[in-house]
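Below are my notes on the model you asked me to look over, set out as numbered points. Please read them alongside the sequence and the structure.

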Amino acid sequence: MNVQCPQCRKTYSIPEERIKAYSTSVAFACPSCKGTIEIRAEKAGPQKDAAEATAVPTGNILKKRILRTVNDLPPMPQVADKARRVMADPDSSFADLAKVIETDQAIAARVLKLSNSSYYGVMGTVTSIQHASVVLGMKTLNELLTLACASSLLGSNLDGYELQTGDLWRHSLAVAGCARQLANDKHPELADDAFSAGLIHDCGKLILDKYILERKPQFDAFIQEEGKTFLDAERDILGFDHSQIAADVCEKWTIPKKLTTAIQYHHNPSMLGHNELAFLVHAADGIALMSGIGAGVDGMMYSIDRHTAEFLKLDSMQISTYMLAAAEYVEKTVGNM
Ligand SMILES: [Fe+2]
Ligand SMILES: [Fe+2]
């Protein structure tokens with residue numbers, strides 16, 4: 001369906017099914033002139049006026065609302081299954097449990113959040129999953145995994161980002177594995193931090209997906225503008241992007257500052273000047289996306305920042321090697337589920 005901005009006359013093509021998903025009219029800001037475009041859905045239902053329809057919160061108001069409501073993130077069903085099996089096996093060890101946690105961004109985020117809480121007396125210092133597991137102990141890990149596995153949101157698609165079930169999980173695993181390997185090869189002291197930051201770098205997508213879905217026609221119109229990416233759309237339409245909300249959530253959970261900072265700047269690490277962990281996560285993210293692992297809406301429009309490539313001395317030959325290794329790591333980990 002073509003819709004035209006009544007102010008600047010620019011036309012956008014919005015998929016019919018997206019419009020039909022709305023029971024009332026929907027209005028959004030024209031990406032070009034910021035005027036209001038209103039689309040009346042054909043389904044029956046009470047019609048809202050344009051002012052009411054556009055009164056969707058953005059920027060700090062939306063961010064505060066999200067931060068108030070986000071408690072925990074949903075884990076992947078495969079991981080939840082595996083965790084249940086490991087917990088039920090009397091021969092399984094503490095290390096077996098830690099290994100399961102290392103394969104899921106949502107569970108890893110919960111483990112880091114809890115181990116960095118004031119209760120354990122090491123607030124804001126635990127950056128690796130291994131350290132977190134030791135801090136929490138077997139009993140608490142068991143409880144935490146049981147709770148995580150009971151999550152009602154298991155296994156849904158991320159329709160806002162056009163990611164199928166498992167895409168973001170695979171992508172997060174690829175980035176974690178690749179960031180750890182890059183660190184091992186270049187800065188071994190950062191290997192554990194790189195893995196943790198890589199695993200949860202895109203957890204903001206789990207948080208933002210439903211807010212994007214609510215504004216899908218607006219996102220569709222925005223990314224039709226030449227050179228505009230989905231990340232630009234997040235910033236323009238929501239007032240912040242998935243890396244910023246992830247950093248705010250990690251801060252709320254008192255996850256250490258160095259992980260939070262690397263996550264916040266994983267798309268633009270050079271804004272930090274010289275931050276090695278941010279370089280590692282950014283490079284691993286680029287490598288994972290170039291391999292097509294969890295690419296989603298505009299993953300292929302991603303390139304590795306020049307300072308990062310220089311700092312890590314990455315040439316195209318090395319990038320190809322890391323791409324292969326990342327894909328192998330994901331296959332091996334997923335295969336073990
Ligand atoms: Fe990202
Ligand atoms: Fe990513």
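**Notes on the metal sites, the cores and the backbone**

1. Along the chain, the donor residues of the iron ion (ligand 2) follow the spacing H-x29-H-D-x82-D. The pair formed by His-171, in helix α8, and His-201, in the loop between α9 and α10, links distant parts of the chain, 30 residues apart; helices here are DSSP runs of H or I with at least four residues, strands are runs of E with at least two, and both are numbered from the N terminus. The protein donors are His-171 (NE2), His-201 (NE2), Asp-202 (OD) and Asp-285 (OD), which lie 2.1 to 2.3 Å from the iron ion (ligand 2). Donors are N, O and S atoms within 2.8 Å of the metal (3.2 Å for Na, K and Ca), and water is not among the atoms, so sites may look incomplete.

2. As to provenance, this is a predicted model, in which local features need pLDDT of at least 70 and side-chain atom pairs count only at pLDDT 80 or more, whereas totals for chains, interfaces and linings use all residues. Residues are numbered from 1 along each chain as its sequence is written, chains are lettered from A and ligands numbered from 1 in the order in which they are written, and side-chain values use heavy atoms, with hydrogens and water left out.

3. The geometry at the iron ion (ligand 2) is irregular, because its four donor atoms subtend angles of 80 to 174°. For four donors, tetrahedral requires all angles between 85 and 135 degrees; four count as square planar and six as octahedral if opposite donors are over 155 degrees apart and all others between 65 and 115, and anything else is irregular. Two of the histidine donors are buried, His-171 at a relative accessible area of 1% and His-201 at 0%, where buried means under 20% relative accessible area, exposed over 50%, and partly exposed in between (1.4 Å probe, protein chains only).

4. The iron ion (ligand 1) has as protein donors Asp-202 (OD), His-242 (NE2), His-266 (NE2) and His-267 (NE2), at 2.2 to 2.3 Å, and these donors are spaced D-x39-H-x23-H-H in sequence. Asp-202 lies in the loop between α9 (191–200) and α10 (203–214) and His-266 in the loop between α14 (257–264) and α15 (276–290), so this pair ties together parts that are 64 residues apart in sequence. Asp-202 is buried at 2% relative accessible area, as is His-266 at 0%. The arrangement here is irregular too, because the four donor atoms subtend angles of 78 to 161°.

5. How far apart are the iron ion (ligand 1) and the iron ion (ligand 2), and which residue coordinates both? The separation is 3.6 Å, and Asp-202 is the residue that coordinates both ions.

6. The largest nonpolar core has 84 residues, of which Ile-66, Leu-73, Val-111, Leu-182 and Leu-208 touch the most other members; such a core is a set of buried Ala, Val, Leu, Ile, Met, Phe, Trp, Tyr and Cys residues joined through side-chain atoms within 4.5 Å. Helix α8 (residues 167–186) gives the most to this core, with 10 residues. Apart from this core lies another, of nine residues, among them Val-3, Ile-14, Phe-28 and Ile-37.

7. Leaving aside neighbours within four places in sequence, Leu-208 is in contact (heavy atoms within 4.5 Å) with residues including Ile-66, Tyr-161, Phe-240 and the iron donor His-242.

8. Two residues deserve a check of the backbone. Glu-162, in the loop between α7 (129–149) and α8, has a positive phi of about 55° although it is not a glycine, and it is partly exposed at 39%. Thr-254, in the loop between α13 (242–252) and α14, has a positive phi of about 50° and is likewise not a glycine; its relative accessibility of 24% counts as partly exposed. For context, most residues other than glycine have a negative phi.

9. The count of disulfides, taken as pairs of cysteine sulfur atoms within 2.5 Å, comes to zero. Cys-250 is in no disulfide, and the nearest cysteine sulfur, that of Cys-203, is 4.8 Å away. Cys-250 is buried, with a relative accessible area of 1%.
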